[in-house]
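Reader: I've got the model open and I'd like to poke at the labels. Can you walk me through how they were earned?
Author: Sure, here it is.

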Amino acid sequence: MQPLQTIVVIPVFNRPQAIRDALASLLHQTFPPAELLIVDDGSTDDSPAAVTRWLTECSPCFAARLIRQPNAGPAAARNQGVDAAGKADLVAFLDSDDLWPADHLARMQKIFAADETVVAASCDMLDSRDGGLTGRLRRADQFDGSITTRLVLGDPPLLSATVFRLTAFHQTGGFDEKLFFAEDLHLMLRLSLLGPWRYAAGNAVTRRLECGEQVVPQSRRYRERAAIRARMLERFLQEEGGSQALPADRWRPHLAHLWYQAGRKLRRADKDLRPRDCYRRALALNPRHLRARLAVFTGP
């Protein structure tokens with residue numbers, strides 16, 4: 001049997017040094033990808049030049065190229081990479097601030113080759129800050145089998161620590177490019193309806209916190225994250241078939257809590273009725289949510 005072929009897509013925006021480190025971890029894979037697509041998402045610094053230099057200097061043994069697009073967000077950049085790639089069996093997304101262990105792709109392709117029904121696989125994630133490990137290991141062993149309920153009620157595995165079967169990815173339609181937050185969770189939720197997940201035991205993917213997106217907690221964009229996640233999850237459950245995967249008495253209280261939390265985060269910034277609308281949504285989902293009921297009648 002021929003080994004499964006993997007395409008790798010790396011979006012980058014204004015991270016000239018981080019992207020070179022991420023690419024180095026890809027170059028050291030014991031099972032190299034079939035193709036690498038690096039998508040520059042409208043960088044305003046020398047990130048494209050850094051990628052071009054790396055491609056010239058390192059001459060990887062696999063097909064690799066840089067694609068440039070006007071700034072449209074990571075979801076659009078990832079979709080662009082997949083659309084531009086050739087034929088393959090698997091797709092892996094590596095963020096420019098993350099690092100793969102050398103056996104990452106080798107472990108993943110073995111998992112998919114062993115079971116044709118598997119739609120995705122995830123491994124552990126380890127946090128790093130200022131070049132040193134923080135000691136926070138986020139295990140992914142709970143992501144095995146049918147995981148829709150776990151995704152609805154909790155946090156998803158790290159995108160850089162997850163590989164997808166390409167046919168399943170295409171079946172979902174890819175990332176929702178209108179989302180600037182939780183687009184990875186939305187993709188995984190839809191994928192989880194198509195088949196089982198698998199846990200890839202072994203070395204963890206490193207997430208470098210010092211290179212991550214800096215979102216000021218007081219900013220409007222930060223405060224809107226909770227509402228975006230609640231709205232996305234509501235759409236998945238009520239319009240995209242998610243409610244068939246778990247009973248309403250599991251997801252309705254949880255979604256009500258998310259809407260209530262969204263209202264609280266918006267309360268201090270907005271003078272309009274958006275926080276109150278969040279509370280009303282929470283109350284409609286869970287009439288016993290006393291805090292939401294109080295918030296509706298006392299104002300935002």
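Author: One cut-off to start with: exposed means over 50% relative accessible area, and buried means under 20%. Keep in mind that this is a predicted model.

Reader: Then why is Cys61 called exposed?
Author: Its relative accessible area is 69%, and the bar for exposed is over 50%, so Cys61 counts as exposed.

Reader: And what makes Cys278 buried?
Author: Cys278 has 3% relative accessible area. Buried needs under 20%, so the label fits Cys278.

Reader: How do you know that Cys61 is too far from the closest cysteine sulfur for a bond?
Author: A disulfide needs the two sulfur atoms within 2.5 Å. The closest cysteine sulfur to that of Cys61 is in Cys58, 11 Å off, so that pair is ruled out. A search of the whole structure finds zero disulfides.

Reader: What about helix 2, residues 47-58: how do you know that its span agrees with what it should be?
Author: At 1.5 Å a residue, its twelve residues should span 16 Å, and the end C-alpha atoms are 16 Å apart, so the two agree.

Reader: Which residues of helix 2 are buried, and what puts them on the same side?
Author: Ser47, Pro48, Ala50, Val51 and Trp54 are the buried ones. They cover an arc of only 160° around the axis, so they share a side of helix 2. Thr56 and Glu57, on the other side, are exposed. The buried residues pack against strand 1, helix 1, strand 2 and strand 3.

Notes. Residues numbered from 1 in each chain as written. Predicted model: local features only at pLDDT ≥ 70, side-chain atom pairs only at ≥ 80, totals over all residues. Heavy atoms only, no water. Buried < 20%, exposed > 50% of the residue type's maximum accessible area, 1.4 Å probe, protein only. Helix = DSSP H or I, 4+ residues; strand = E, 2+ residues; numbered from the N terminus. Expected span 1.5 Å × (residues − 1). Arc of directions from axis to C-beta. Contact = heavy atoms within 4.5 Å.
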